[in-house]
Amino acid sequence: MKKILFSLLAVSVLVAFQGCEEPNELIFTAAPDPDGIVFTNTLADVYLLSQSTADNVAERFVWQEVDLGVETNVTYDLYGATSEDFSDSVLVGSTTSNNLPVLVNQLLDFARDLGLDNDPNTTDANGNPNNTGVVYFRLKAYPGAGTGNAMIMFSPLQALDIQWLEETVAGACDPIFVVGAAAVDAGWAWTSPIVFECENNVFRAKIKLTNETFRFFRTEGDWASGLNYPYYEGEGYTIDGDFENANDGDSNFRFTGAPGIYVLTVDDNNKTITLEPSGSLWLVGAATPGGWAWAAPTEAVETGVDVWEATLVLSNEAFRFFTVRDDWASGRNYPYYAGEGYTIDASFENANDGDSNFRFIGTPGTYTITVNAVTKEITLQ
């Protein structure tokens with residue numbers, strides 16, 4: 001009994017002493033959760049990646065909340081790396097909850113860091129398809145905002161097998177070619193013919209046309225393989241009204257429409273030859289004069305085949321490219337161009353906002369922006 005009374009007296013004195021120093025506070029020291037921190041979600045055998053699903057959630061990491069013995073929120077940082085020693089780790093996301101999603105486009109970034117691609121013609125050093133790899137994840141937990149915290153916990157590493165789906169060409173067939181003065185970038189020579197790629201017997205190419213003549217050819221470099229206006233007419237093709245029989249020595253096609261860049265399609269299934277004007281790109285966003293509205297977007301005009309240019313005033317905000325005016329679904333953001341292998345001017349960065357827009361970080365002012373799909377560059381002057 002004496003021991004119990006003595007212990008109670010000691011505790012009372014200690015509390016009274018602390019009350020004199022800090023009358024309204026109790027001091028807690030963080031302590032590790034003895035149960036540790038582990039992921040509880042069930043992982044897939046392999047995560048299939050593609051650019052078309054880039055905005056989808058690939059995996060949602062879930063864990064049991066840890067008790068660090070403090071009356072404050074616990075912050076969780078999810079890190080990813082391409083090396084098992086985690087020497088190249090990057091922060092994927094932070095939360096005070098017990099779960100975080102990882103998007104397909106984030107895994108695609110890791111895939112690129114691993115040197116993977118979706119080209120069926122490339123292989124690794126052993127001759128195997130160059131589209132599979134492993135990405136590692138780890139969770140870091142600490143009390144509060146992390147400043148000055150000695151109490152930090154880490155989860156074990158979690159490996160994810162990823163596979164970048166290789167592109168396949170369905171119904172591929174041999175191309176045809178165009179040569180002639182009407183095809184501005186070709187002329188009457190075989191040094192730079194216009195190549196019409198074929199899929200399921202539909203031939204298509206972008207072509208810069210002027211009011212001159214041209215002819216189709218089955219075989220590159222072979223003048224005897226020509227397919228002129230009467231050939232298609234005799235096969236029962238419906239031919240676009242901007243073409244006519246030139247009635248010259250070779251009965252070539254003559255282009256009579258407005259000079260410009262077009263998508264020219266020869267459809268052997270439906271027996272049609274059609275022309276569609278090639279489209280502009282549209283810049284919309286707070287970085288542009290028109291802001292986030294379609295009332296006055298900035299138009300990037302196609303000055304050459306697959307080369308678009310626009311001159312505009314840029315401010316330090318975000319924007320996105322669009323292939324169709326007034327169509328939000330036609331947007332092309334920073335990861336889209338990065339994923340297509342473009343070299344992007346250093347004055348732009350991934351905004352890492354909800355839409356992964358472009359963010360302009362250069363000196364505000366008037367610039368000419370060029371999107372060159374031929375050389376795969378986005379430049380600023």
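**Notes on a predicted model: surface patches and a disulfide**

1. At 60% relative accessibility, D85 comes out as exposed (over 50%; buried is under 20%, partly exposed in between, 1.4 Å probe, protein chains only). D85 sits in the loop between strand 3 (74–81) and strand 4 (90–95); strands here are DSSP runs of E, at least two residues, and helices are runs of H or I, at least four, numbered from the N terminus.

2. A word on the input: this is a predicted model, with local features needing pLDDT of at least 70 and side-chain atom pairs pLDDT 80 or more, while totals for chains, interfaces and linings use all residues. Residues are numbered from 1 along each chain as its sequence is written, and side-chain values use heavy atoms, with hydrogens and water left out.

3. D85 also belongs to a surface patch of negative charge, together with E84, D88 and D113. Patch members have over 30% relative accessible area and no salt bridge (Lys or Arg side-chain nitrogen within 4 Å of an Asp or Glu carboxyl oxygen); like charges are joined within 9 Å, nonpolar side chains within 5 Å.

4. There's a nonpolar surface patch too: V46, L48 and L165, with about 230 Å² of accessible area together. V46 is partly exposed at 35%, in the loop between helix 1 (2–21) and strand 1 (47–49).

5. The structure has one disulfide (cysteine sulfurs within 2.5 Å): C173 and C198, sulfur atoms 1.7 Å apart. The pair links distant parts of the chain, strand 9 (residues 172–179) and strand 10 (residues 194–199), with the cysteines 25 residues apart. The S-S torsion is about -75°, so the disulfide is left-handed. C173 is partly exposed at 25%, whereas C198 is buried at 7%.

How values were computed
Accessible areas come from the Shrake-Rupley method with a 1.4 Å probe; for residues, only the protein chains shown count as cover. Lys and Arg count as positive and Asp and Glu as negative; His and the chain ends are not counted. The place of a charge is taken as NZ of Lys, CZ of Arg, CG of Asp or CD of Glu.
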